[in-house]
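Visitor: I should like to understand how the terms used for this model are justified. May we go through them one by one?

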Amino acid sequence: MTYITLTIEPLDEGGYVATSREVQGLVAQGKTMDEVIGYARDIAKTLLDERKKLRSHVPALSVPRQQKLVVAV
C-alpha cells in the first residue's frame, strides 16, 4: 500500500480539485470531497502502476554508492 498526500482546493464554480506533489500529473476534480478523493485515488493508482511498468522495462543505471565532492569553504 502506498500513501500519498493530496492537496484539495475548492473551485469557484463549485466542487473541488485535488493534486499531489508526490504523483506528478495527478489532477482530479469532483463535486464533493468524497468524490474528488475517490477520483484522485484511482488516478494515482493508475499513474503509479504505469510508472512501475515503465521502470521494469528500463535497464538499471549504475549509481555509485558513495561520491566524493570537493567544495570551497
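Visitor: Which residue takes a positive phi in the hairpin of β1 and β2?

Guide: The model is a predicted one. In that hairpin, G14 has a positive phi near 105 degrees, and five residues lie between the two strands.

Visitor: What makes β1 and β2 a pair of strands?

Guide: Pairing requires at least two bridges found by DSSP. Strand β1, residues 7-10, and strand β2, residues 16-19, are joined by four bridges, so the requirement is met. The two strands run antiparallel. As an example of a bridge, E9 is partnered by V17 in β2.

Visitor: How do you know that β2 also pairs with β3?

Guide: The criterion of at least two bridges applies here as well. Four bridges connect β2 with β3, residues 27-30, in the antiparallel sense, and therefore this too is called a pair. Here T19 has V27 of β3 as its bridge partner.

Visitor: What pattern does the chain follow when read along the sequence?

Guide: The pattern is β-β-β-α, with three strands and one helix in the chain.

Visitor: Why is the set that includes A18 and V36 called a nonpolar core?

Guide: The term asks for buried nonpolar residues joined through side-chain atoms within 4.5 Å. The largest such set has seven residues: A18, V23, L26, A28, V36, A40 and A44. Since each member of a core must be buried, these seven residues have under 20% relative accessible area. Helix α1, residues 33-57, gives the most to this core, namely three residues. In soluble globular proteins, nonpolar side chains tend to be buried together.

Visitor: Which residues does V36 touch, leaving aside those up to four places away in sequence?

Guide: V36 touches I8, Y16, V17, A18, A28, Q29 and G30.

Visitor: Why is the link between K45 and D49 called a salt bridge?

Guide: A side-chain nitrogen of Lys or Arg must lie within 4 Å of a carboxyl oxygen of Asp or Glu. The closest N and O atoms of K45 and D49 are 3.0 Å apart, so the term applies. The two residues are four apart in helix α1, which means that about one helical turn separates them.

Visitor: Why is K45 called exposed, but D49 partly exposed?

Guide: Exposed means over 50% relative accessible area, and buried means under 20%. K45 has 53%, so K45 is exposed. D49 has 32%, which lies between the two cut-offs, and therefore D49 is partly exposed.

Visitor: How many salt bridges are found in the whole structure?

Guide: The search finds two. K53 and E50 form a salt bridge, with their closest N and O atoms 3.3 Å apart; this value is within the 4 Å limit. Both residues belong to helix α1, where they are three residues apart, about one turn.

Visitor: Are K53 and E50 buried, exposed or partly exposed, and what makes them so?

Guide: K53, at 49% relative accessibility, counts as partly exposed, because a residue must be over 50% to be called exposed. E50, at 40%, is likewise partly exposed.

Visitor: What share of the residues in the chain is buried?

Guide: Of the 73 residues, 16% are buried.

Conventions:
Residues are numbered from 1 along each chain as its sequence is written. This is a predicted model: local features need pLDDT of at least 70, side-chain atom pairs count only at pLDDT 80 or more; totals for chains, interfaces and linings use all residues. Side-chain values use heavy atoms; hydrogens and water are left out. Buried means under 20% relative accessible area, exposed over 50%, partly exposed in between (1.4 Å probe, protein chains only). Contact means heavy atoms within 4.5 Å.
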